[in-house]
Amino acid sequence: MTPAAGRPFPTVATLLGRRRTTRCIAQVQSRLARFAAAYSALVSPSPIAAASRPSPAVATLLGRCRTTRCIAQLHARIIRLGLHNHHALLARFAAACDALECPSVAASFIAALPGSHAAAVPLRLRNAVLASLARHAPLHAALAEFKLLLQRGARPDSFSFPCVIRACARASCLSAGRALHAAAIRVGVHADLFVRTALIQFYGRCGAVGAARALFDQIHIPSEVSWTTIIVAYVNNGDIVAARNLFDRMPQRNVVHWNMMVDGYVKCGDLEGARKLFDEMPERTATACTSLIGGYAKAGNMAVARSLFDKLEDRDVFSWSAMISGYAQNGYPGQAFRVFSEFQRQGIHPDELLVVGLMSACSQLNNFRLALWIEDYIAKYSIDMNNVYVLAGLVNMNAKCGNLERATVLFESMPARDVFSYCSLMQGHCLHGSADKAVELFSQMLSEGLSPDNTMFTVVLTACSHAGLLEEGKKFFDMMKNVYLIVPSVEHYACLVSLLGRCGMLQEAYELIISMPGKPHPGAWGALLGGCKLHCNIELGKIAAKKLFEIEPYNAGNYVSLSNLYANIDRWGDVSELRAEMTEKRITKIAGRTLVLQ
DNA sequence: TTAGGGTTAG
């Protein structure tokens with residue numbers, strides 16, 4: 001029994017029985033007509049006859065399709081109505097799948113067509129599916145589709161190659177890209193400008209700039225895009241000189257070329273070169289200006305970044321984001337939030353990267369309520385919470401702001417945990433009184449097979465110090481040197497000094513500082529002074545304080561620490577003497593404040 | 001077909 005004749009009719013009959021209006025009658029009438037057309041298509045399923053019969057209802061619905069569920073329904077409907085050899089409709093179906101980023105649905109549809117229908121699928125439609133797979137699916141899916149195309153006896157053309165080659169470029173898959181290059185030569189489309197430009201991009205991305213350049217030199221008249229691609233290849237491989245040489249040789253330059261070169265100088269860390277070129281631009285674009293802002297922000301020069309931003313007229317989400325994360329990265333979370341409130345007044349939609357910067361600023365403020373507000377903000381603007389950076393930012397912010405329960409839930413929901421997320425959660429535990437849990441997490445991380453870096457060792461040694469875990473701390477310090485071959489930095493030594501100091505091993509801590517390579521470090525001496533304060537060791541405390549007064553003569557905190565040490569052992573005379581010295585040297589301490597949240 | 005920004009320590 002055919003599906004058209006078998007299933008839908010009882011439904012129509014039921015509808016006829018329930019008819020109450022003339023509009024309902026009209027609907028049933030049109031449904032009957034659709035079934036009749038589908039039925040005749042099944043009776044004579046010639047591709048030509050089917051192709052000439054349009055299916056306005058399905059085609060219209062495909063245009064309106066907004067969900068994958070809707071795609072699945074239309075998929076079923078096309079099969080039920082026997083419209084699978086209607087190529088114009090299949091092209092629309094593939095386009096809808098592409099828009100919803102589910103190309104494999106279209107690919108499997110075509111792959112499942114019976115032999116004679118499959119052979120009739122035009123190359124143009126196959127190329128569309130291939131391009132969609134290359135854009136939205138993993139590389140292996142696009143390569144499998146390409147192989148299938150060859151197996152079905154179709155000859156790929158100049159439109160089949162560029163999209164798959166670009167996918168190889170994105171994945172930096174040298175072997176697959178080379179195989180495609182060879183296939184393009186065999187088929188005879190390797191000289192096509194689009195194929196060659198895609199190959200230049202591919203070799204550039206894989207670090208084979210020489211191969212990219214050789215292909216570029218073979219082009220008789222390169223297009224503007226070919227010029228862009230070869231220059232990008234040089235920029236991304238750190239050869240700004242070669243990029244500049246080509247830029248200077250270009251017959252004509254468009255804004256993309258200028259933007260790219262300015263960004264190239266920024267990427268190479270040559271801010272002066274970037275600024276000079278930016279000033280030479282015939283039309284200074286917001287894009288190039290934003291690259292410069294990002295460069296100055298990364299270099300810690302927020303004053304210049306700010307002045308450029310103030311002069312920038314058409315600011316987009318990139319420029320706002322550069323300022324917010326610039327302030328956050330340089331330790332000015334308050335400024336980051338000031339820029340953010342200005343941003344909110346612009347009516348620009350935030351994106352994933354902007355909220356990442358915002359969360360970084362919030363994590364430095366340790367503000368529980370603000371963190372809750374930001375999570376609401378993220379939900380309100382439909383920010384993708386599965387984005388790896390957003391998720392990492394959420395774990396970090398919640399951990400730092402004291403919402404460890406939420407941070408842990410998010411951490412455990414991560415598809416792949418990395419050193420960043422472990423660091424964030426461990427620091428959260430450290431800051432909020434469960435340093436032993438942080439040390440546990442470190443062991444868990446090692447058992448997951450992740451390699452700790454030097455930042456991670458600073459974190460775990462700090463955790464050991466907070467929890468007073470002497471043996472573990474010493475073990476991790478040795479592990480860092482001997483297993484991971486990381487040369488301990490002054491920060492690592494300072495953590496170990498702090499740990500020894502807390503555990504009362506002040507003499508050992510002092511000897512460690514003396515044995516440390518390099519200049520005396522305020523962190524290490526400060527850690528020793530802290531230990532001396534805790535264990536009331538006045539002799540070593542005075543030595544540490546004296547060193548600190550030499551290194552940081554205007555840091556009031558050191559005077560206060562020594563003063564507190566004297567106070568701990570009731571040497572009030574020394575306390576007042578020290579206070580007098582501070583007044584004499586005009587060293588003042590900003591009064592501390594405590595805020596207790598309800 | 002080509003170009004821009006991001007997460008972790010002290």
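Biologist: Which residues are the closest to DNA strand B?
Modeller: This is a predicted model, in which local features need pLDDT (the predictor's confidence in each residue, from 0 to 100) of at least 70 and side-chain atom pairs count only at pLDDT 80 or more, while totals for chains, interfaces and linings use all residues. Residues are numbered from 1 along each chain as its sequence is written, chains are lettered from A and ligands numbered from 1 in the order in which they are written, and side-chain values use heavy atoms, with hydrogens and water left out. A residue is near a strand if one of its heavy atoms lies within 4 Å of it. DNA strand B is surrounded by 34 residues, and the closest are Gln329, Tyr389, Phe420, Gln427 and Glu491.

Biologist: What is the mean pLDDT of chain A?
Modeller: Confidence stays under 50 over residues 1-22 and also over residues 35-52. In chain A, 89% of the residues reach 70 or more, and the mean pLDDT is 86.

Biologist: How many of the residues near DNA strand B are charged?
Modeller: Ala, Val, Leu, Ile, Met, Phe, Trp, Tyr, Cys and Pro count as nonpolar, Asp, Glu, Lys and Arg as charged, and the others, Gly among them, as polar. On that basis the surface near the strand has 13 nonpolar residues and 13 polar ones, and the number of charged residues is eight.

Biologist: Which residue has a polar side-chain atom 3.4 Å from a phosphate oxygen of DNA strand B?
Modeller: A polar contact is a pair of N or O atoms within 3.5 Å; within protein, one must be able to donate a hydrogen and the other to accept it, and residues adjacent in sequence count only if both atoms are side-chain atoms. Two such contacts involve bases: a side-chain N or O atom of Thr228 is 2.7 Å from a base oxygen, and a polar side-chain atom of Asp351 is 2.8 Å from a base nitrogen. Of the strand's atoms within 4 Å of the protein, 34% belong to sugar or phosphate and the rest to bases. The residue 3.4 Å from a phosphate oxygen is Ser360.

Biologist: How many helices does chain A have?
Modeller: Helices (H or I, at least four residues) and strands (E, at least two) are DSSP runs, numbered from the N terminus. Chain A has zero strands, and its helices number 37.

Biologist: How far apart are the end C-alpha atoms of residues 316-350?
Modeller: The unreviewed UniProt entry lists "repeat: PPR" for residues 223-253, 254-288, 316-350 and 418-452; such positions are given in the numbering used here, feature names are shortened, and annotations may be inferred rather than shown by experiment. Residues 254-288 are 74% helix and 0% strand, with end C-alpha atoms 13 Å apart. Residues 316-350 are 71% helix and 0% strand, and their end C-alpha atoms lie apart by 10 Å.

Biologist: Why is helix α12 described as largely enclosed, and how many of its residues are buried?
Modeller: Buried means under 20% relative accessible area, exposed over 50%, and partly exposed in between (1.4 Å probe, protein chains only). The buried residues of α12, among them Phe161, Val164 and Ile165, are covered by elements including α10, α11, α13 and α14. Helix α12 (residues 160-170) is largely enclosed by the rest of the structure because the buried share of its eleven residues is nine.

Biologist: Which residues does Ser132 contact beyond four places in sequence?
Modeller: Ser132 lies in helix α10 (residues 123-136) and is buried, at 2% relative accessibility. Contact means heavy atoms within 4.5 Å. Beyond four places in sequence, the partners of Ser132 are Asp98, Pro103 and Ala137.

Biologist: What is the C-alpha distance between Leu562 and Ile538?
Modeller: Leu562 belongs to helix α36 (residues 556-568) and is buried, at 4% relative accessibility. Its contacts beyond four places in sequence include Leu529, Phe549 and Leu578. Leu562 and Ile538 are 24 residues apart in sequence, and their C-alpha distance is 8.8 Å.

Biologist: Is Asp570 buried or exposed?
Modeller: Asp570 is found in the loop between α36 and α37 (572-584), and its phi is positive, near 60 degrees, although it is a residue other than glycine. Asn366, in the loop between α24 and α25, also has a positive phi, of about 50 degrees, and is partly exposed at 43%. With a relative accessible area of 56%, Asp570 is exposed.
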